[in-house]
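Trainee: Walk me through this one, and please justify each label as we go.

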Amino acid sequence: MSEQAAMMMSDSAKDAVMHMAAMTPSPPPSMSMSPAKPKLDLTLYLVTSSSLLPPGATLESHIEAAIKGGVTIVQLREKNLDTAPFIALGKRVHSITKKYGVPLLINDRVDVALAVGCEGAHIGWDDMEYTTARNILGPTAIIGLSVSNLTQASLAASTTTDYIGIGPVFPTRTKPDASTPLYPSGVRQILGLIHSKRPELPSVAIGSINATNLQAVLYKSRPTEGLPLAGVAVVSAIISSTDPESAASGLLSLYKSPAPWAPPPPSQSTAFTHFYLPLILDKVVTIIRSIKEHKPLVHHITNAVVKNFSANVTLAIGGSPIMSDNFEEAADLAAIAPQSACLVNMGTSGPAERRLYALAIRENNKAGKPVVFDPVGAGATGMRKETVRWVLDECGYVDVIKGNEGEIRTVAGEGIRMKGVDSGAGGGIDELVKVVKGVAARERNVVVTTGVTDVLSDGSRTVLVSNGHPFQALVTGMGCALGSVLCAALAVNKDDKLMSCLAAVLLYNVAAERAVKRDGARGPGSFSVAFLDELYEIGEICARGEGGWLDSVKVEFM
Ligand SMILES: Cc1ncc(COP(=O)(O)OP(=O)(O)O)c(N)n1
Ligand SMILES: Cc1ncsc1CCOP(=O)(O)O
């Protein structure tokens with residue numbers, strides 16, 4: 001179809017042409033858009049929307065600047081243009097993209113793509129059916145398909161599409177009619193499904209991706225098996241910028257650098273790989289000694305009930321506690337100390353606290369400082385469930401989630417209701433292990449579940465710890481203050497987060513056992529004082545390089 005023909009045709013005539021093309025089993029060579037399939041690099045995918053340009057900017061100059069900044073593929077997505085101006089714009093833009101060897105695709109309008117003679121089209125579920133588009137554009141055109149759920153992903157992966165656009169990842173103002181946000185965990189599920197159907201098929205994510213969340217999207221969406229995202233697609237992050245070249249180069253450099261919270265390659269964190277107990281306990285001692293040596297800062301965003309006890313626990317192990325709910329110092333606190341971590345405990349949270357969690361998590365992510373999230377009472381109210389979802393889906397990355405069984409089951413999505421904030425009970429330990437592993441794999445972090453037997457997992461390695469004492473359940477703040485110890489251990493040992501958590505849990509629970517053996521620990525009150533003494537004492541023992549206190553550990557590796 002020629003440019004003129006496409007411009008002059010009514011919609012029904014166009015449909016008729018498309019329909020005829022659909023009936024054609026293989027396209028005549030003249031319909032092919034280019035002799036060979038252009039190289040597809042989805043790394044940084046610019047999707048346009050002229051309406052979002054800053055005042056005075058032109059789409060052409062913006063696209064050229066963005067390509068100079070590193071954009072690898074462009075999609076012309078202009079919802080309000082009639083056919084003739086759309087084709088004219090397409091031709092102008094194509095003359096730019098061709099200069100840089102960057103493919104240009106047209107959104108929705110296969111006829112416009114054909115008239116422009118560009119490299120292909122991107123089509124959604126309300127647009128032309130894939131086979132029809134392929135028949136019209138020919139085998140060498142690049143054609144991408146949108147998917148917003150598993151059913152669409154399954155259908156799209158059974159076509160010969162060149163790539164899949166998964167979205168929206170987050171809520172976005174750019175596409176008011178977009179489906180429910182998938183968040184990185186939903187993208188991950190879709191990637192898993194695509195892998196099972198077409199293992200080589202590349203995908204990009206789209207929907208409010210920007211410099212703040214790009215690395216979290218990449219990291220959290222990465223499936224255990226199969227291809228990770230082949231790129232990210234953005235509209236406003238580049239189009240609305242007054243400096244599109246820097247916006248693009250900034251995104252590209254974030255894309256190419258490892259996330260600050262990503263653990264080093266496995267060869268550097270060997271200690272926990274073979275579950276060799278003496279080696280592991282050696283490492284536990286080293287971590288506890290290191291807390292005393294480096295006095296890591298633990299920024300507590302925690303509930304009023306437990307602040308005092310948490311500060312005392314942090315001090316007893318050699319850390320440096322700061323309790324701050326101040327928006328204005330969250331960024332400084334994340335950056336100020338060479339070794340620090342942030343505890344986000346949602347014990348008493350409301351809308352203001354939620355905004356603070358978001359800020360603190362982002363600032364600590366940026367600074368490469370670990371974040372521990374304690375979803376206190378997660379299942380108790382709708383608001384708490386929503387806070388959990390929001391922290392995990394929208395606030396960036398949390399390195400560790402720590403909670404009791406009921407809380408972790410809620411995080412897993414079981415939605416059980418809890419009475420107050422005490423532990424809920426579920427099935428047996430094997431079933432709990434499955435849940436804990438599942439959450440850790442989904443979030444790509446470490447999950448610590450406290451109970452008579454604590455279950456720690458990073459999604460592939462799991463360890464059970466059965467130390468501790470029933471008095472722990474009778475002291476307010478005892479569960480929350482474990483978050484402080486986890487933070488201190490993570491701050492001094494980021495290489496193997498599961499190992500840091502194990503060190504914290506062993507220190508905490510062995511201290512509890514030793515506390516009840518002390519003279520005078522008659523009940524919860526005297527126990528809590530003796531417990532602080534024991535935390536301190538074990539730190540001193542570790543500082544001397546001694547590991548005898550670990551003789552009583554009850555750990556099982558799975
Ligand atoms: C790369 C990429 N992925 C998804 C979309 C969304 O396409 P669609 O569902 O057709 O919605 P509109 O863009 O037409 O509003 C996309 N455009 N690009
Ligand atoms: C086209 C599209 N498809 C899903 S979300 C979206 C819009 C993305 O725009 P932005 O990057 O500005 O959120």
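Trainee: How far apart are the centres of domain 1 and domain 2?

Mentor: They're 40 Å apart, with the centres taken over C-alpha atoms. The model is predicted, which is why local features need pLDDT of at least 70 and side-chain atom pairs pLDDT 80 or more, while totals for chains, interfaces and linings use all residues. Residues count from 1 along each chain as its sequence is written, chains are lettered from A and ligands numbered from 1 in the order in which they are written.

Trainee: Which residues belong to each domain?

Mentor: Domain 1 covers 40-256 and domain 2 covers 270-557; those bounds come from an automatic or database domain assignment.

Trainee: How many residues does the contact take from each domain?

Mentor: 10 from domain 1 and 10 from domain 2. Contact here means that two C-beta atoms, placed from the backbone, lie within 7 Å. On the domain 1 side, helix H8 (183-197) and helix H9 (214-221) are the elements giving two or more residues, and H9 gives the most, with three.

Trainee: What makes H9 a helix?

Mentor: Helices are DSSP runs of H or I with at least four residues, strands are E runs of at least two, and both are numbered from the N terminus. H9 spans 214-221, so it clears the helix cut-off. The protein has 21 helices and 17 strands.

Trainee: What classes of residue does that side of domain 1 have?

Mentor: Four nonpolar, four polar and two charged. Nonpolar means Ala, Val, Leu, Ile, Met, Phe, Trp, Tyr, Cys or Pro; charged means Asp, Glu, Lys or Arg; the others, Gly among them, are polar.

Trainee: And the ligands: which residues come closest to ligand 1?

Mentor: Gly124, Ser146, Gly165, Ile206 and Ala233, out of 17 that surround ligand 1. To be in such a shell, a residue needs its C-beta atom, placed from the backbone, within 6 Å of the molecule; the same limit serves for being near a strand. Strand S1 (44-47), strand S5 (142-147) and strand S7 (203-206) each give two or more residues to that shell, which divides into five nonpolar, eight polar and four charged. Around ligand 2 there are 15 residues, with Thr172, Thr174, Gly207, Val235 and Ser236 nearest. That shell has eight nonpolar, six polar and one charged.

Trainee: What is the order of the strands in the barrel?

Mentor: S1-S2-S3-S4-S5-S6-S7-S8, a closed barrel of eight strands with parallel pairing. Neighbouring strands are turned by 25 degrees against each other on average, direction ignored.

Trainee: How do you know that S1 and S2 count as paired?

Mentor: Pairing takes at least two bridges found by DSSP. S1 and S2 (residues 73-76) have three, in the parallel sense, so they pass. Leucine 46 stands opposite valine 74 in S2. Outside that, helix H6 (residues 130-137) packs on the sheet, touching strand S4 (120-123) and S5, and makes about 170 degrees with S4. Such angles run from 0 to 180 degrees between N-to-C directions of lines fitted to C-alpha atoms, for helices over the stretch in contact. Helix H7 (residues 150-157) lies across S5 and strand S6 (163-166), at about 160 degrees to S5.

Trainee: Why is valine 344 called buried?

Mentor: Buried means 20 or more other C-beta atoms within 10 Å of a residue's own, exposed 12 or fewer, partly exposed in between, with C-beta atoms placed from the backbone. Valine 344 has 26, so it's buried. It sits in strand S11 (residues 340-345), and its contacts beyond four places in sequence include Ile301, Tyr357 and Phe373.

Trainee: Then why is arginine 461 partly exposed?

Mentor: Arginine 461 has 19 neighbours inside 10 Å, so it lands in the in-between band. It's in the loop between strand S15 (454-457) and strand S16 (462-465). S15 and S16 form a hairpin with four residues between them, and glycine 459 in the turn has a positive phi of about 100 degrees.

Trainee: What covers the question of S15 itself, buried or exposed?

Mentor: Buried on both faces: Asp454 and Leu456 on one side, Val455 and Ser457 on the other. S15 pairs antiparallel with S16 over four bridges and with strand S14 (residues 446-450) over three.
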